[in-house]
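Reader: I would like to learn how to read the contacts in a model such as this one, beginning with charged pairs and then moving on to domains and chains. Could we take the features one at a time, with the general idea before the particular case?

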Number of protein chains: 2
Amino acid sequence: MMTERYTLHEDPRSGNCYKIKLTAALLGIRLETRQYDIMAGETRTPEFLANVNRNGRIPVLQIEEGEQTRFLPESNAACWYLASVSALIPEGKFAQADMLRWMFFEQYNHEPNVATLRFWLRFVGEGNLSEQQKQMLPAKRAAGIDALNVMEEHLKSARWMAGGAVTLADIALFPYTHVAEEGGFGLDDYPAIKDWIGQMQSLPGFIPMD
Amino acid sequence: MMTERYTLHEDPRSGNCYKIKLTAALLGIRLETRQYDIMAGETRTPEFLANVNRNGRIPVLQIEEGEQTRFLPESNAACWYLASVSALIPEGKFAQADMLRWMFFEQYNHEPNVATLRFWLRFVGEGNLSEQQKQMLPAKRAAGIDALNVMEEHLKSARWMAGGAVTLADIALFPYTHVAEEGGFGLDDYPAIKDWIGQMQSLPGFIPMD
């Protein structure tokens, strides 16, 4: 098998991009990066849409093998690709599905609330939000708290999110959870989450978010 | 290996529940069902939260094997479980990750827009929407159109969403796409999507949504 080369199309402020870099770091995989400013629309240019991702989003993992170049959007799918046949994906059928369960939960229940509030409050700025965004704040706040509560309840009786060891479920949920306070979600009410964050930060090969 | 018994906790109006029933039908797997009315809050009871899914959502796949009972929330994770070691999950490493890419796209870009507008317009009723929901209509409309455009562009040059054959990516995207008109998304501008819908409906074992 030829050696593959990986380039991550990313914005370093994005927790979704960090997931992939953390997966690569824990597995000792080398990643090149190409950086875009999402606030300046750099992922909505005709060139980006035509060549990298017609969905206009980062991260995208570019995979080169010999003459072949392929692009893989969606952070959790890119993590899956890099972690294939590694201990970060459990082998058991239920454990594997349960890991994916938390990765879908992350994209549906956690990211649109916990990450969006961080983006709005830290990067856009509360004073710059549209009226519509301001009106959505309470519902997103409540849904983000619900998501953190679900994680806390799970982690009260389990050391990791799925399968009894660190997996992609933990890697998917870690980035936006550990900076949830930047979106106004205090973590003092979540002691099990705080312990889990400490476990993540102690993993061999761990790298922090930029 | 002992035989597993499956019970799907569902609301028959939900496309997310239909995904799992369609997966089971295509694979010839028998599913019992237990039905809930999400509009009446039946998935938010203390009993449901304690025993079935503390996230208060359906679908949940209940898996019984001998004395052991396990619960698997998240529609796409349940599909993955049922389809493990079947042709609905491609074997190739890239194809598998690319299939998951579309399943994450479905939960992040497609479902919150295409499915939510269907829910609001068909089941809640436009006159019963809150002011906030009414104000979100244009943005959800635009994001739903974006998601359908991404699918259409892909399907112009590919018969299936990932891996060159029908996979869980198609099953995940089919339910809310084929009833998108109930959310006000006319499909006449999407001939490739319409062809793909026809292919899905022609699969051996196909069952329609209730």
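Author: Let us begin with charged pairs, where a search over all chains of the whole structure finds 26 salt bridges. Please keep in mind throughout that this is a predicted model.

Reader: What is the general idea behind such a pair, and which residue forms a salt bridge with A:Glu10?

Author: Side chains of opposite charge can pair when their charged atoms come close. In this model A:Glu10 forms a salt bridge with A:Lys21, and the closest N and O atoms are 2.7 Å apart. Since A:Glu10 belongs to strand E1 of chain A and A:Lys21 to helix H1 of chain A, the pair ties together parts that are 11 residues apart in sequence.

Reader: Into which domains is chain A divided, and how many residues of each take part in the contact?

Author: Chain A is divided into domain 1, covering 4–83, and domain 2, covering 93–201. Taken over C-alpha atoms, the centres of domain 1 of chain A and domain 2 of chain A are separated by 22 Å. To their contact domain 1 of chain A brings 17 residues, while domain 2 of chain A brings 18 residues.

Reader: How should I read the area buried between domain 1 of chain A and domain 2 of chain A?

Author: The size of an interface is often given as the accessible area lost when the parts come together. Between domain 1 of chain A and domain 2 of chain A that buried area is about 1,400 Å², with carbon and sulfur atoms giving 70% of it.

Reader: Which side chains meet in a salt bridge with an N to O distance of 2.8 Å, and which elements give two or more residues to the side of domain 1 of chain A that touches domain 2 of chain A?

Author: The side chains are those of A:Lys19 and A:Glu106, at 2.8 Å from N to O, and across the interface of the two domains of chain A the rule finds 1 salt bridge. Across that interface there are also 7 residue pairs in polar contact, counted where both residues have pLDDT 80 or more. On the side of domain 1 of chain A that touches domain 2 of chain A, the elements giving two or more residues are helix H1 (15–27) and helix H3 (75–83) of chain A. H1(A) gives the most, with 7 residues, and by class this side of domain 1 has 8 nonpolar, 6 polar and 3 charged residues.

Reader: Turning to the two chains, what turn and what shift lay chain A on chain B?

Author: A turn of 180 degrees, with a shift of 0.0 Å along the axis, lays chain A on chain B with an RMSD of 0.0 Å. That is the relation of a two-fold axis. Of the residues of chain A, A:Tyr108 comes closest to the rotation axis, its C-alpha lying at 3.0 Å. The same surface serves both copies, as 100% of the contact residues of chain A recur in chain B.

Reader: How much area do chain A and chain B bury between them, and which three residues supply 20% of the area that chain A buries against chain B?

Author: Chain A and chain B bury about 3,800 Å² between them, 63% of it on carbon and sulfur atoms. A:Phe94, A:Phe104 and A:Tyr108 supply 20% of the area that chain A buries against chain B, which is more than any other three residues. In this contact 39 residues of chain A meet 39 residues of chain B.

Reader: How many salt bridges and how many residue pairs in polar contact does the rule find across the interface of chain A and chain B?

Author: The rule finds 0 salt bridges across the interface of chain A and chain B, whereas it finds 8 residue pairs in polar contact there, both residues being at pLDDT 80 or more. Among the elements of chain A that each supply at least two residues of the side touching chain B are helix H4 (93–124) and helix H5 (131–156). H4(A) gives the most to that side, with 15 residues, and the residues of the side divide into 19 nonpolar, 10 polar and 10 charged.

Reader: Finally, what should I look for in the backbone, and where is A:Pro59 found?

Author: Omega and phi are the angles to check here. A cis peptide bond, with omega about 0 degrees, joins A:Ile58 and A:Pro59, and A:Pro59 is found in the loop between helix H2 (46–51) and strand E3 (60–65) of chain A. In chain B the peptide bond from B:Ile58 to B:Pro59 is cis, with omega near 0 degrees. A:Glu74, a residue other than glycine, has a positive phi near 80 degrees, and its place is in the loop between E4 and H3 of chain A.

Terms used
Residues are numbered from 1 along each chain as its sequence is written. Chains are lettered from A and ligands numbered from 1 in the order in which they are written. Side-chain values use heavy atoms; hydrogens and water are left out. Domain bounds come from an automatic or database domain assignment. Contact means heavy atoms within 4.5 Å. Buried area is the accessible area (1.4 Å probe) that two parts lose on being put together, summed over both. A salt bridge is a side-chain nitrogen of Lys or Arg within 4 Å of a carboxyl oxygen of Asp or Glu. A polar contact is a pair of N or O atoms within 3.5 Å; within protein, one must be able to donate a hydrogen and the other to accept it, and residues adjacent in sequence count only if both atoms are side-chain atoms. Helices (H or I, at least four residues) and strands (E, at least two) are DSSP runs, numbered from the N terminus. Ala, Val, Leu, Ile, Met, Phe, Trp, Tyr, Cys and Pro count as nonpolar, Asp, Glu, Lys and Arg as charged, and the others, Gly among them, as polar. Copies are superposed by least squares on the C-alpha atoms of residues with pLDDT of at least 70 in both.
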